[in-house]
Amino acid sequence: MHEQVRVGLLGCGNVGAALVRLVHEHADVIETRAGVPIEIARVAVRDLSKDRGLPLPANRFTDDAVGVVGDPDVDVVVEVIGGVEPARALIVEALMAGKPVITANKELLAVHGRELFETAEGAGVDLLFEASVGGGIPLMRPLRESLAGDRIRRVMGIVNGTTNYILTRMTDDGDTFADALADAQLLGFAEPDPTADVEGYDAAAKVAIIASIAFGARVVASDVYREGITDITADDIAAARDLGYVVKLLAIAEEVDGEVAVRVHPTMVPERHPLAAVRDSFNAVFIEGDAVGELMFYGRGAGGAPTASAVLGDLVDAAKNLVEGRKGATIGTLAAKPIRDIGDVSSQFYLHAEVADRPGVLAAMAPRFAEHGVSIRSMQQQGIGEEARLVFVTHRAREADVRATVLALRDVDAVHRVGAVLRVIGDEG
Ligand SMILES: NC(=O)c1ccc[n+]([C@@H]2O[C@H](COP(=O)([O-])OP(=O)(O)OC[C@H]3O[C@@H](n4cnc5c(N)ncnc54)[C@H](OP(=O)(O)O)[C@@H]3O)[C@@H](O)[C@H]2O)c1
């Protein structure tokens, strides 16, 4: 019988330190909700000499993470170290010892999720990971529990605050990508090495987790088709605006005919769509379910306190299960559903071509679309000196067919350049 739940905290950086503060500040609320007090019993860090200014005695800190996991005085393990190792080995060790684990580690779950979920299932203990996607935004629990009886069709998210901040600056202030990135770095929204964010790796890890939970499928980060925002220009954004769209980096997971399609790429979102209104470093996830229709979750997708809030929610859940002697909540077996090749994924597309401003050019281009089964929904012509720019939006078409069309257009004499090709979330979905 537990009179309190003692936590072994692995890592005490942005999220870990915020968690220690929250547990201290909200102790009474937490005790009421969990049924027992929750105490941070041991904290593993790398550097013991750092002054962390936290309301915990110095003797709770150690640099021996393995010792924390194995400590008989630790009932629950919270992993907020990040990265794959040693986090993976520590989590497996804890689960095998029958200790519930809470983690915020998207990088780890996006690669080793299946192994970890199966270990938790086998041990009958909780492995909870609300904070791994969308920081403070409740998403995993709604998908796992509230929507457990519905059939999720599609999940589309703005799940990376850095890129959303950069795109917002480019949209609102006309900044170039380089200027907007420099601004984000100055404000601490982007890392000195921004690759993981701007090339879409972070979003890809998150959408792999989303797809796994939404569709009960084994999806790993390498299954995700990924394009970042480094090639987006102020011109693309202005052209999108002229057509009534905003450019966002979307992470999209959908189930089509028993296959799972997962991708991250810049997308033109209609101005009236709720995702278009998600600005700065905010995140949002838009879910389409058979019965529930459309839902959107919006909030702070990162930051120590919002992320710690999600970790703490999981911690209260795990503590309640421990106290009441309930078997841990698991996500069940993940099926090996086929992953749809990006070439077979359909959406609407935007593309533009710079062409010689003379009669007959459009007549030469139109058959190239038709040959590949790509149907044009709208076309606009803008004069740019000696050249004209033709802006096309297609009806839904397969990626492979649009790529073939672009190659064919480049062979047309009067076509000087085929510019940005962007997917469009449109009236046709
Ligand atoms: N920050 C966010 O906004 C956010 C949002 C969502 C999810 N997450 C996830 O939360 C996790 C933690 O992120 P964070 O921003 O808090 O990272 P962080 O600030 O870099 O903190 C990492 C902590 O882990 C400790 N550590 C590193 N290696 C260790 C080892 N071998 N043994 C023991 N401790 C070790 C570090 O110790 P020292 O302090 O001694 O260096 C530090 O306290 C990551 O998985 C991240 O993806 C973060």
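Reader: Let's start with V402. Leaving out residues up to four places away in sequence, which residues does V402 touch?
Author: Happy to, and please keep in mind that this is a predicted model. V402 is found in helix α14, residues 399-410. Beyond the residues up to four places away in sequence, V402 touches F349, L351, V374, A397 and V421.

Reader: Is V402 buried or exposed?
Author: The cut-off for a buried residue is under 20% relative accessible area. V402 has a relative accessibility of 2%, so this residue counts as buried.

Reader: And how far apart in space are V402 and L167, C-alpha to C-alpha?
Author: In sequence, V402 and L167 are 235 residues apart. In space, their C-alpha to C-alpha separation is 25 Å.

Reader: V402 touches F349 and L351, so I'm curious about strand β13, residues 346-356. How many bridges does β13 form with β15?
Author: Strands β13 and β15 pair in the antiparallel sense. One bridge in this pairing puts H352 together with V391 of β15. The number of bridges between β13 and β15 is 7.

Reader: Which residue of β15 stands opposite Q381?
Author: Strand β14 (residues 376-384) also pairs with β15 in the antiparallel sense, over 8 bridges. In general, strands of a sheet pair through backbone hydrogen bonds. Opposite Q381 in β15 stands L390.

Reader: How many of the 8 residues of β15 are buried?
Author: Strand β15 spans residues 387-394 and pairs with β14 as well as with β13. The strand is mostly covered, and its count of buried residues is 7.

Reader: Which residue in the hairpin of β14 and β15 takes a positive phi?
Author: This hairpin has 2 residues between its strands. The positive phi is near 75 degrees, and the residue that takes it is G385.

Reader: Which aspartate with a positive phi lies in the loop between β9 and β10?
Author: Two aspartates deserve a look here. D280 has a positive phi of about 55 degrees, but D280 lies in the loop between β10 and β11. In the loop between β9 (245-256) and β10 (259-270), the residue with a positive phi of about 50 degrees, although not a glycine, is D257.

Reader: How does the accessibility of D280 count: buried, partly exposed or exposed?
Author: For reference, D257 reaches 71% relative accessibility and so counts as exposed; the cut-off for that class is over 50%. D280 has 26% relative accessibility, so this residue counts as partly exposed.

Reader: Let's turn to the parallel sheet. Which are its edge strands?
Author: The open sheet has 6 strands in the order β3-β2-β1-β4-β5-β6, with parallel pairing. At one place in this sheet, 2 bridges join β2 (residues 38-44) to β3, and A44 has T62 as its bridge partner in β3. The edge strands each pair on one side only, and they are β3 (61-62) and β6 (127-128).

Reader: At about what angle does helix α1 run to β1?
Author: Helix α1, residues 14-25, lies across β1, β2 and β4. Its angle to β1 (5-10) is about 160 degrees.

Reader: Where is the proline with the cis peptide bond, P86?
Author: The bond from E85 to P86 is cis, with omega near 5 degrees. P86 lies in the loop between β4 and α4 (87-96).

Reader: Now the ligand. Which residue has a backbone N or O atom 2.6 Å from a ligand oxygen?
Author: The ligand is surrounded by 22 residues, the closest being C12, V15, D47, R52 and G303. A backbone N or O atom of D47 lies 2.7 Å from a ligand oxygen, while K50 brings a polar side-chain atom to 3.0 Å from one. The 2.6 Å distance belongs to G303.

Reader: Which helix gives the most residues to the largest nonpolar core?
Author: The core has 80 residues, and those with the most contacts inside it are L139, M140, L143, I166, I287 and Y350. With 11 residues, the helix that gives the most is α10 (201-215).

Reader: Last one: which side chain makes a polar contact with the side chain of T162?
Author: T162 lies in helix α7 and is buried, because its relative accessible area is 8%. Residues that T162 touches include F189 and A190. The polar contact is 3.3 Å, and the partner is D197.

How values were computed
Residues numbered from 1 in each chain as written. Predicted model: local features only at pLDDT ≥ 70, side-chain atom pairs only at ≥ 80, totals over all residues. Heavy atoms only, no water. Pairing = 2+ DSSP bridges. Helix = DSSP H or I, 4+ residues; strand = E, 2+ residues; numbered from the N terminus. Contact = heavy atoms within 4.5 Å. Axes fitted to C-alpha atoms, helices over the stretch in contact; angles between N-to-C directions. Core = buried A, V, L, I, M, F, W, Y, C linked by side-chain atoms within 4.5 Å. Buried < 20%, exposed > 50% of the residue type's maximum accessible area, 1.4 Å probe, protein only. Near = heavy atom within 4 Å. Polar contact = N/O pair within 3.5 Å; in protein donor to acceptor, adjacent residues only side chain to side chain.
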